[in-house]
Amino acid sequence: MTISSFTPSRRGFVTGTLALAGSPAAAMAAAPDRLIAGTYASRGGAGVVPLTGTADGWTAGAPVAAIRNASFGVTSRDGRFRYLLDESEAGTLGIYDRALKPLDSLSTLGAHPCHAALSPDGGMLAVANYSSGNVTVWRLDRKTGLPAGEAQSVAHRGSGPNQRRQTGPHAHWVGFSRDGRTLHAVDLGADAVFAHRVDPASGRVTRSDVAYRAAPGSGPRHLAWHPRLPVAYLLAELANTVTVLRAGADGGFTAGTTLSTLPAGFDGPSSGAHIAVNRAGTRLYLSNRGHDSIAVFAIARDGGLSLIQHVSCGGHWPRLFLLRENRGELLVANERSGNVAILPIGAEGRLAEPKRGPTIPGVVFLAD
């Protein structure tokens, strides 16, 4: 992969990123790092696979075969409960304890759920149902981890010019605002980001608006917030772009700069998949399926972006990746090659060439 010649004009704001590379050895020498990997059965996945990270690398344990097609999931704020999605036609939310013992299984009231989010206080859970184009919301009993009351389904409306992918709404990402009063939902089919207003007393969505209308045919997929600034970054799957969004007090967004996620001159098939910001708010990472790369952008003090590099994802079709900053690593779930790649995080947040990690057929998801 080619690396751009971009050099930041200021170095002070990189302090947090440099710290990432300073402590990985000590972190790896401590208690083992434990993750789970979700897989697609259609890609040969055997279920949810436990992963253990030590100073010697990552090893995969015996899969939990009963948990199939876990495309995404979240863990409760206290770490006691896992909420995992079964991305199937009859979408299912599985609730488990930390050891993956099943506690409950619920319909997501939609088809092919693909993303989930907890409210800041941990009292609400939202799920994006891709094929049916709706968002489902539950209130949670934080003592038991189980829903408190019936789920609410909120339908999206809209379509786009891509007749193969945008004949109707396709909710692809959900996330609560910092105050928990707005649930944003990114919709690939409608070319929109919706803002669903949440009544904190009842935990119900009371109104829905379009927070941002994306470029027609761009197919927005995932959104990542800056940790401090009122800025978000919107990854468009179909257009292979990332857009800087300025957040307003009303939950709406105003678009700033839009940049390509691909190198100049590349004209092969590719689609954006996942996006994340480091803890310091100085680097943005995103995955390109087809080009099979991770793109790295520098984040300026005002939230603006500048491309630093593209580096190989270490496999084929990088779906989701996970920043393990305590270990100085970025882990990539390469769906079609069936492996987890390890990309060391170097100075100033740059990524080194990938090292091969565990072989996991059909891997699509990684989580704590």
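The count of cavities of 30 Å³ or more comes to one. In this predicted model, about 80 Å³ of space lies in the largest cavity, while the second largest pocket holds about 390 Å³. The points below cover these two spaces and then three residues in loops: N69, N240 and W317.

**The largest cavity**

- The lining of the largest cavity consists of S71, F72, C114, H172, R221, H222, A273, H274, R319, L320 and V364.
- Four strands each give two or more residues to this lining, namely β4 (70-75), β16 (220-225), β20 (271-277) and β24 (318-324).
- By character, the lining residues of the largest cavity comprise five nonpolar, four polar and two charged.

**The second largest pocket**

- The second largest pocket has a volume of about 390 Å³, and 20 residues line it.
- Closest to the centre of this pocket are R165, R221, E237, R289 and R319.
- Ten residues of the pocket lining are charged, with five nonpolar and five polar residues making up the rest.
- R221 and R319 line the second largest pocket and also appear in the lining of the largest cavity.

**N240 and its surroundings**

- N240 is located in the loop that joins β17 (231-236) to β18 (241-247).
- The relative accessible area of N240 is 9%, and this residue is therefore classed as buried, the cut-off being under 20%.
- Beyond its neighbours within four places in sequence, N240 contacts L259, S260, T261, L262, S270, S271 and G272.
- One of these contact residues, S270, is 30 residues away from N240 along the chain, yet the two C-alpha atoms are separated by 7.4 Å.
- With G272, the side chain of N240 makes a polar contact, reaching the backbone nitrogen at 3.2 Å.

**Non-glycine residues with positive phi**

- N69 is not a glycine, but its phi is positive, at about 55°.
- N69 occupies a position in the loop between β3 (57-60) and β4.
- Because its relative accessibility is 16%, N69 counts as buried.
- W317, likewise not a glycine, has a positive phi of about 70°.
- The loop between β23 (305-312) and β24 contains W317.
- W317 has a relative accessible area of 16% and is therefore buried.
- The strands β4 and β24, which border the loops of N69 and W317 respectively, are among the elements that give two or more residues to the lining of the largest cavity.

How values were computed
Residues numbered from 1 in each chain as written. Heavy atoms only, no water. 1 Å grid on protein atoms, 1.4 Å probe; cavity = no way out; pocket = protein on both sides within 12 Å on 5 of 7 lines; lining within 4 Å. Points joined across faces, edges and corners; volume = space filled by probe spheres on them. Nonpolar A, V, L, I, M, F, W, Y, C, P; charged D, E, K, R; others polar. Buried < 20%, exposed > 50% of the residue type's maximum accessible area, 1.4 Å probe, protein only. Contact = heavy atoms within 4.5 Å. Polar contact = N/O pair within 3.5 Å; in protein donor to acceptor, adjacent residues only side chain to side chain.
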